Amino acid sequence: MNKLLQKFLTLTLVVVLPILVIYLNIRFGLQRNEVEAVKVTLKSESVASVDHSSFPILQQSFSNPKQVTEACLSCHNKRDDELMQSAHWRWERETEIPGRGVVTIGKKNLHNNFCTGADGNNGSCMRCHIGYGWEDKSFDFEDPTNIDCLVCHDKSDTYKKLIGGGGWPATAENATKEYPVPDYNLVAQSVGYPDRDNCGVCHFYGGGGNNVKHGDLEKALLNTTRSVDVHMAVDGPNMVCIDCHKTEKHNITGRAYSVSASNTNRATCEQCHGETPHNDKVIDYHNHKVACQTCHIPVYAKVNGTSLYWDWSVAGRRNPDSSFIKEYDADHNYSYLSIKGHFVFDNMVTPEYSWFNGTADHLLNDDSATVLPVKINTLFGSYCDSTSKIWPVKVHRGKQPFDSASRQILSMKLFSKNFNEGAFWMDLNWDSAIIKGMEYNEREYSGKFVILPTEAYWPLNHMVSKKEETLKCEACHTRQNSRIAGLTDFYLPGRDYSKAVDYSGFAIILFSLIGIIVHSVMRFTSKRKFN
Amino acid sequence: MRKIKIFTPFERFWHWSQMLLVFVLTVTGFEIHGNYNLVGYECAVRLHNSAAWTFIGLGILSIVYMLSSKQYKNFIPTKEKLGEQIKYYTSGIFKNEPHPTKKSLYNKLNPLQRIIYVGLLIVVFPVQIFTGLIYMFYHYPQNPADVAGFKFAAITHTLGAFLMVAFVLVHVYMTTTGHKLTSGIKSMITGYEEEPLENKPSEKPENSI
């Protein structure tokens, strides 16, 4: 009996208890807390407090959209002051570029490696200005009636600005079936907070077509599912842009670092989800150095393709009959256009990754290209900078003209309604396009240009994936093909190791094994000898 | 044959729990290090962390036990018979010579074991625990204090892991060098070691209680 008890005790001590210890470890070690639900009131759920259709002033007969603006401002006074401070109106703002001081930059004067730049191509580009008729330098930024309230606030989905119209909607003279004269009474009586389509009409089509620029903002988001974007999905919370891009007094939060430089007025994930949304220490710690977007946007351009490469150097060829060439890739994206050059489009793109602290540099008019590829914009950040995080980025690469003497990026005149005014899209003539473009922007041009490679960095924020599709640890913490293989200014477990330590470690193990084998063989043979 | 008590119940529980923990820590640790893909990186990290905490808890428990029972004296290194012990493993064992040291409850480790184990207990374990805690809490340069770098801690932790693996290999092999092949392991299970009768019960050695 005593012996049985002894055996039982032994079994408990050396088997049952140790296994229990390990079991409890696995049981509680692998446990993950539930993520707390986000409780926010969405702007998109708000109900209009007034019925605009009952206001007599909106029932008048409008002959001109400016009259609608006047009617709006007659009740919503002071709104014009707010709006005229905004970057949506001015297309530039005063901002500080770290290390360079205060500059005034924006869409108006910055260059890009898509259609190269807006100013001077107003008829086409300024269609996306929230005003009427910014067709040239004579546009009056102080006249409130130039404000286009409707493009943002129309909820009838019938208001459209004319292509090439410099921000004007169609008039009786130039109306088409696709772009009719708006029914101003209908539109003015159905105003409200902007929906996805109000913002998307410009922000989805930057660069001359759907999803060309951003890669994570495109028309598919108007009616999408959780597999594309968990926030905007109609089978999800069906959120609109201003639910995240919170807006007070026409100041819309959010920064596009293709045109912004400072870490201010940003729309963030944390504003709803908090700093520790996972309710899990190991994962929440990552938020110190890894942006939410990095894991939660594993792929972008999930539906339609986005431009990844745009080579202007081959633009200008014509068909034998001198008509313009249009070529498409297998997915029906442009691969060559006479007026724009060669493109590479793709969808389901894996982002590239960069340190980013919310500040950025930009290639300004007077900057000389010294390092190739020329960086159109530069995201600042590094591991040792406490405000930096790893961020997923769309890198848009291209080739475009620079002044061969000053190495400054060149302004091109692309758009015109008429031939022989120097516009590249009409005449396909490089020299006159550059001369006219530089002239409009009051810049000096040596007369000779050189084509240089460029890179532009677009941090990704949209097309947040379902949690099941979030990046797994191994996407980065791996020796081969780590997503952040290019970020080498820190030690990443699973990716990095010391060759000296690893090689000597394995050597120690190997020598131990050899020692054990030799020793045991010697024991075995000597034992036989003695027996 | 005569039975000598060598290991107390707590020591046996501690040893086998620690064995399993070291196994879990090693398997998950080298997965985290990027050497292979077995249970998945996230799972490996979670298991490694929880096993590490248990290891620390068990360590504290054992310190309390060692101090209160004075069993820690077993780990105090001694030069006495160290030469003989080395000579035994390098030549005597091949000539069927007897063990130069006798085990008992108060002298359970031979002079060579004392040096190795005390090295583990006061160098390797603390270094692993310290660098492991840095690993857990000091992720980034600004948090909580700017020490020279997480890289150094991570690489030191890796070196410690290699030494542990080498220790375990040799340790397991050494258990076979007792009176019989399995008598070492048996004593860690039952607490008793069997010895041939001709060996006199050991005198209380210098370092014993």
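The paragraphs below lead through a predicted model, beginning with the domains of chain A and moving on to helix packing and local details.

In chain A, the domain assignment gives a domain 1 made of two stretches, 206–410 and 445–483, and a domain 2 that covers 497–531. Taken over C-alpha atoms, the centres of domain 1 and domain 2 of chain A are separated by 55 Å.

Helix H15 of chain A, residues 499–530, packs against helix H5 of chain B, residues 150–174, with the two axes 9 Å apart and at an angle of about 5°. Since angles under 35 degrees count as roughly parallel, H15(A) and H5(B) are therefore described as roughly parallel to each other. On the side of H15(A), the residues that meet H5(B) include Val501(A), Phe506(A), Ile509(A), Leu513(A), Ile516(A) and Arg523(A), while those of H5(B) include Ile155(B), Leu159(B), Phe162(B), Ala166(B), Leu169(B) and Tyr173(B). Sorted by class, this contact has 15 nonpolar, five polar and two charged residues.

H5(B) also has a partner within its own chain, helix H1 of chain B, residues 9–32, whose axis comes within 11 Å of that of H5(B) and crosses it at roughly 135°. H1(B) and H5(B) are therefore oblique to each other, and H1(B) passes H5(B) in a left-handed crossing. From H1(B), His15(B), Val22(B), Thr26(B) and Phe30(B) make the contact, and from H5(B) the residues are Ala161(B), Phe162(B), Met164(B), Val165(B), Val168(B) and His171(B). These residues divide into seven nonpolar, three polar and no charged. Two residues of H5(B) link this contact to the one described before, for Phe162(B) and Val165(B) take part in the packing with H15(A) and are also listed in the contact with H1(B).

H1(B) meets a further helix, H6 of chain B, residues 183–190, with the axes coming within 7 Å and crossing at roughly 115°. Here Glu11(B), Arg12(B), His15(B) and Trp16(B) of H1(B) face Ile185(B), Ser187(B), Met188(B), Ile189(B) and Thr190(B) of H6(B). By class, the contact of H1(B) with H6(B) has four nonpolar, three polar and two charged residues. His15(B) thus appears in the contact with H5(B) as well as in the contact with H6(B).

Some local details remain. Over all chains, the structure holds 18 salt bridges, and one of them joins the side chains of Glu82(A) and Arg79(A) at 2.9 Å, N to O. Side chains of opposite charge can pair when their charged atoms come close. Both residues of this pair, Glu82(A) and Arg79(A), lie in helix H3 of chain A, residues 79–85, where they are three residues apart, about one turn of the helix.

Two loops of chain A show backbone features. The peptide bond from Leu372(A) to Pro373(A) is cis, with omega near -10°, and Pro373(A) is placed in the loop between strand S10 (360–362) and strand S11 (374–375). His332(A), although not a glycine, has a positive phi of about 70°, and is found in the loop between strand S6 (326–328) and strand S7 (334–337).

Note on methods. Residues are numbered from 1 along each chain as its sequence is written. Chains are lettered from A and ligands numbered from 1 in the order in which they are written. This is a predicted model: local features need pLDDT of at least 70, side-chain atom pairs count only at pLDDT 80 or more; totals for chains, interfaces and linings use all residues. Side-chain values use heavy atoms; hydrogens and water are left out. Axes are lines fitted to C-alpha atoms, for helices over the stretch in contact, and angles run from 0 to 180 degrees between N-to-C directions. Helices (H or I, at least four residues) and strands (E, at least two) are DSSP runs, numbered from the N terminus. Angles under 35 degrees count as roughly parallel, over 145 as roughly antiparallel, 65 to 115 as roughly perpendicular and the rest as oblique. Contact means heavy atoms within 4.5 Å. Ala, Val, Leu, Ile, Met, Phe, Trp, Tyr, Cys and Pro count as nonpolar, Asp, Glu, Lys and Arg as charged, and the others, Gly among them, as polar. Domain bounds come from an automatic or database domain assignment. A crossing is left-handed if the near helix is turned anticlockwise from the far one by less than a right angle, and right-handed if clockwise. A salt bridge is a side-chain nitrogen of Lys or Arg within 4 Å of a carboxyl oxygen of Asp or Glu.
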